[in-house]
Amino acid sequence: MAYFPMYIDLEGKKVIVVGGGKAALRKINSLLYFGAKIAVIAPKVCDDIKAIKGINVHESNVALDILQNADIVVAATRRPEINAKIGTYCNDRGIMVNVADNKELSSFLFPGVIVRGDLVVGVTTGGNSQAVSKQIRNMIDRMLPEEYEALTRKMGAYTELANVNIKSTALREEALDELVKVALSNKCVLDDKKANKVLDKYYREDAARRNA
Ligand SMILES: C[C@@]1(CC(=O)O)c2cc3[nH]c(cc4nc(cc5[nH]c(cc(n2)[C@H]1CCC(=O)O)[C@@](C)(CC(=O)O)[C@@H]5CCC(=O)O)C(CC(=O)O)=C4CCC(=O)O)c(CCC(=O)O)c3CC(=O)O
Ligand SMILES: NC(=O)C1=CN([C@@H]2O[C@H](COP(=O)(O)OP(=O)(O)OC[C@H]3O[C@@H](n4cnc5c(N)ncnc54)[C@H](O)[C@@H]3O)[C@@H](O)[C@H]2O)C=CC1
């Protein structure tokens, strides 16, 4: 079965990463970007990980019990049997866990990610091929100009306005779709004057329908 893309608020969540090599490094960077609080445990942690600011590094073997304190666990050691033990321990206790070399024991996978502010696209092949994910990520990355960040933010504000001022659900949807179209016809930049003109048109139409 294909995997469901679930977007999670990682701000302040406690993540324990077991393993301190290349695989761990990429996952740490990804999680850190989205605001997780990270502790890394491994007998030997690579210099690139040690150089990252704002994470806790413990150079020691892992005691499984410590994982109870985590919201999310990543097992990325070079030892498949240790990774599997961590996976099973977490699964038995309902702790979310990614096992770098074992999809079956993972309750979630790391997607390829494209970020434009709050606009986030995640790509997975359900563990079939990280090479395909990388390819698709690069394609989407080229398709989405950085203007989408500001557009997303602005549309957040206009959506709130429309929710208050346009009572008809159908009209509201039409208005918001039109705002996006206006932006797309202008290199993804939404001009506020044009936006307000569009909204005014829909406010009037909404009022007229209510008074009819
Ligand atoms: C199942 C999954 C588990 C998970 O991690 O959740 C997994 C598994 C494995 N990856 C391996 C290797 C590499 N992975 C990458 C890169 C990425 N891997 C990612 C995801 C996933 N990788 C999950 C499934 C994703 C899906 O289904 O689509 C991405 C999307 C996200 C991210 O991890 O950041 C990121 C995309 C790149 C991008 O977007 O730029 C690179 C670097 C590269 O290709 O450039 C290497 C080369 C070596 C290295 O770098 O060390 C190996 C070892 C294979 C071996 O030993 O030969 C395994 C284990 C196995 O296959 O058993
Ligand atoms: N999902 C992914 O994106 C990727 C997954 N992998 C998989 O991840 C695993 C690790 O790969 P790399 O990071 O490249 O290896 P690596 O050799 O760079 O790092 C391995 C890490 O495991 C730690 N380790 C070894 N024994 C340990 C123990 N008893 N307890 C805790 N930590 C221990 C080491 O100290 C080291 O920090 C492999 O199984 C590999 O198949 C590898 C690359 C990418």
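Two strands are taken to pair if DSSP finds at least two bridges between them. In this predicted model, strand β6, formed by residues 112-116, and strand β7, formed by residues 119-123, satisfy this criterion with five bridges in the antiparallel sense. Within the pair, I114 stands opposite V121 in β7. The connection between β6 and β7 is a hairpin with two residues between the strands, and G117, in the turn, adopts a positive phi of about 65°.

A further part of the fold is an open sheet of five strands, arranged in the order β3-β2-β1-β4-β5 with parallel pairing. The edges are occupied by β3 (56-58) and β5 (96-99), each of which pairs on one side only. Neighbouring strands of the sheet are turned against each other by 15° on average, direction ignored. Strands of a sheet pair through backbone hydrogen bonds, either parallel or antiparallel. At the β3 edge, strand β2 (residues 37-41) is joined to β3 over three bridges in the parallel sense, and V40 is placed opposite V57 in β3.

Two helices are associated with this sheet. Helix α1, comprising residues 22-33, lies across β1 (14-18), β2, β4 (72-75) and β5, and it runs at about 165° to β2. Helix α3, comprising residues 80-93, also packs on the sheet, where it touches β1, β4 and β5. The direction of α3 makes about 160° with that of β5.

The model contains ligands, of which ligand 1 is considered here before ligand 2. Around ligand 1 there are 19 residues, and those that come nearest are K27, F110, G127, S133 and R137. A polar backbone atom of F110 lies 2.7 Å from an oxygen atom of the ligand. An oxygen atom of ligand 1 is also found 2.8 Å from an N or O atom in the side chain of T125, while a nitrogen atom of ligand 1 is 3.4 Å from an N or O atom in the side chain of Q130. On its own, ligand 1 has 1100 Å² of accessible area, of which the protein covers 65%. Two elements, α1 and α4 (130-143), give two or more residues to the shell around ligand 1; α4 gives the most, with four residues. By class, this shell has four nonpolar, ten polar and five charged residues.

Ligand 2 is likewise surrounded by 19 residues, and G20, A23, R26, K44 and R78 come nearest. Backbone atoms of two of these residues take part in polar contacts with the ligand: an oxygen atom of ligand 2 is 2.7 Å from a polar backbone atom of G20, and a backbone N or O atom of A23 lies 2.8 Å from an oxygen atom of ligand 2. A side-chain contact is made by K27, whose N or O atom is 3.4 Å from a nitrogen atom of ligand 2. Taken alone, ligand 2 exposes 850 Å², and the protein buries 73% of that area. The largest share of the shell around ligand 2 comes from α1, with four residues. The composition of this shell by class is seven nonpolar, five polar and seven charged residues.

Helix α1 thus recurs in the description: the helix lies across strands of the sheet, it is among the elements that give two or more residues to the shell around ligand 1, and it supplies the largest share of the shell around ligand 2.

How values were computed. Residues numbered from 1 in each chain as written. Chains lettered and ligands numbered in written order. Predicted model: local features only at pLDDT ≥ 70, side-chain atom pairs only at ≥ 80, totals over all residues. Heavy atoms only, no water. Axes fitted to C-alpha atoms, helices over the stretch in contact; angles between N-to-C directions. Contact = heavy atoms within 4.5 Å. Near = heavy atom within 4 Å. Polar contact = N/O pair within 3.5 Å; in protein donor to acceptor, adjacent residues only side chain to side chain. Areas by Shrake-Rupley, 256 points an atom, 1.4 Å probe, with all protein chains shown as cover. Nonpolar A, V, L, I, M, F, W, Y, C, P; charged D, E, K, R; others polar.
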